[in-house]
Amino acid sequence: MDEISLDPTSPEFTARRAEARKALDALDPAKNLEMRGGAADDPLRRDWFEAVYARAQNDPARVPWANLAPHPLTKAWVGAQVKGIAGLRALDVGCGLGDNAECLAEAGAEVTAFDLVEAAVEWAKRRFPRTTVDYRAGDLFAPPADWRGKFALVHECYTLQALSAPLLPKALAELSSFLAPGGKLLIVARARGEDAEAEGPPWPLPPSIFTEARRQGLKPLSIEDIEATADVGRRHWRALLGRADEP
Ligand SMILES: C[S@@+](CC[C@H](N)C(=O)[O-])C[C@H]1O[C@@H](n2cnc3c(N)ncnc32)[C@H](O)[C@@H]1O
C-alpha cells in the first residue's frame with residue numbers, strides 16, 4: 001500500500017477505482033439479470049456492501065463512493081448554518097468511511113454514525129483515531145429503540161439512492177422516527193426527473209421521493225435542485241425536512 005496514490009483526482013486512483021467498479025458490478029445482483037433471484041434473498045444487498053469493503057483491502061479507491069472528503073453539498077450546508085450545529089445531537093446514516101460524520105463533528109455536533117458493514121465502521125475508526133464520533137455497525141431497518149425521537153440533525157448522503165425503490169418508504173419512516181422535536185433531516189442525493197430511466201444502482205431519486213417523505217411523517221422545509229457543477233458532477237437534491245407533526 002506504500003506507493004499507491006490516495007489522491008482521488010490522480011490517474012492511478014481513478015484507474016484502480018474503475019477496475020474495482022467493474023468487478024463489483026459483476027457481483028451486484030441489482031446489476032445482473034442472471035443474479036436477480038439472489039437479490040430476492042438479500043433485498044438490502046448486504047452481501048454486496050460487505051464485499052465492497054472486504055475486497056477493497058484498505059484501498060479507498062476500491063470503494064466506489066469514498067472520496068476521502070465530506071460531500072461538498074454537506075460541507076457547504078454545515079458552513080452556512082447561521083447558528084451553527086455545535087452541541088446538536090446528530091446521526092449520520094450509512095456513514096461509509098466517515099468523512100461526513102467527521103465534518104459534522106468538526107462543526108461541534110455530538111455525532112453518532114452507523115453503517116450496515118462492520119468493516120466500514122472499523123475502517124472509519126482507523127482513519128480518525130482521535131475522533132469524537134460514536135461509530136457503530138447497524139442497519140437502518142433495525143435501529144436501536146433508544147434512537148427514536150433523539151436526534152436534532154439526521155444526515156444521509158447517498159444511502160437512500162443505494163436502496164431499491166420498494167425499500168424507500170420504510171427507509172424514510174425510519175429516518176423520520178429518529179428526529180427529536182424540532183429535529184431536521186438533511187438528504188444529499190443524486191436527482192433524476194420523475195420519468196427518467198434509473199439504471200442503478202445507485203438509483204438517483206425522483207421528485208416523488210418528497211411526496212413519499214410526507215407520507216412517512218416528514219415535511220420538506222427546503223428542496224434544492226442542484227444542477228451538475230464541477231464540484232458535484234451531476235444533478236443533486238439537497239433537501240432539509242422536518243417532522244410533519246410540527247407547525
Ligand atoms: C453509497 S454508500 C455512501 C456512504 C457515505 N454516506 C458517503 O457518502 O460516502 C452507502 C452506504 O450505506 C451503507 N448501507 C447500505 N444499506 C444500509 C442499511 N440498511 N443500513 C445502514 N447502512 C447501510 C453501505 O454499507 C454504504 O456504506
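**Note on the domain contact and local backbone features**

1. Between domain 1 and domain 2, three residue pairs are in polar contact, both residues of each pair being at pLDDT 80 or more. On the side of domain 1 that touches domain 2, the residues divide by class into seven nonpolar, six charged and one polar. The model under discussion is a predicted one.

2. The two parts in question are set by the domain assignment of the protein, which places domain 1 at residues 11–62 and domain 2 at residues 72–243. Domain 1 gives 14 residues to the contact, and domain 2 gives 18 residues. Their C-alpha centres are separated by 22 Å.

3. As to the extent of the interface, about 1,300 Å² is buried between domain 1 and domain 2, and carbon and sulfur atoms account for 67% of this area. On the domain 1 side, L44, Y53 and N58 together contribute 44% of the area buried against domain 2, a share that exceeds that of any other three residues.

4. How many salt bridges cross the interface of domain 1 and domain 2? The rule finds zero there, although six charged residues stand on the domain 1 side of the contact. For the model, the same rule gives a count of 14 salt bridges.

5. One salt bridge deserves separate mention: the side chains of R62 and E19 meet with an N to O distance of 2.8 Å. This pair joins distant parts of the chain, the two residues being 43 apart. E19 belongs to helix α1 (residues 11–27), while R62 sits in the loop between α3 (46–56) and α4 (72–80). In general terms, side chains of opposite charge can pair when their charged atoms come close.

6. The loop between α3 and α4 also contains Q57. Q57 is not a glycine, yet its phi is positive, at about 50°. A colleague examining the backbone may wish to know where R62 lies in relation to these helices: R62 is likewise placed in the loop between α3 and α4.

7. Which peptide bonds are cis in the stretch from G200 to P202? The bond from G200 to P201 is cis, with omega near -5°, and a cis bond also joins P201 and P202, with omega about -5°. P201 is located in the loop between β5 (179–190) and α8 (209–215), and P202 is found in the loop between β5 and α8 as well.

8. Finally, the unreviewed UniProt entry carries the annotation "domain: Methyltransferase" for residues 91–183. Over residues 91–183, the chain is 30% helix and 27% strand. The end C-alpha atoms of this segment are 11 Å apart.

How values were computed
Residues numbered from 1 in each chain as written. Predicted model: local features only at pLDDT ≥ 70, side-chain atom pairs only at ≥ 80, totals over all residues. Heavy atoms only, no water. UniProt positions renumbered as here; feature names shortened; annotations may be inferred. Helix = DSSP H or I, 4+ residues; strand = E, 2+ residues; numbered from the N terminus. Domains from an automatic or database assignment. Contact = heavy atoms within 4.5 Å. Buried area = accessible area lost by both parts, 1.4 Å probe. Salt bridge = Lys/Arg side-chain N within 4 Å of Asp/Glu carboxyl O. Polar contact = N/O pair within 3.5 Å; in protein donor to acceptor, adjacent residues only side chain to side chain. Nonpolar A, V, L, I, M, F, W, Y, C, P; charged D, E, K, R; others polar.
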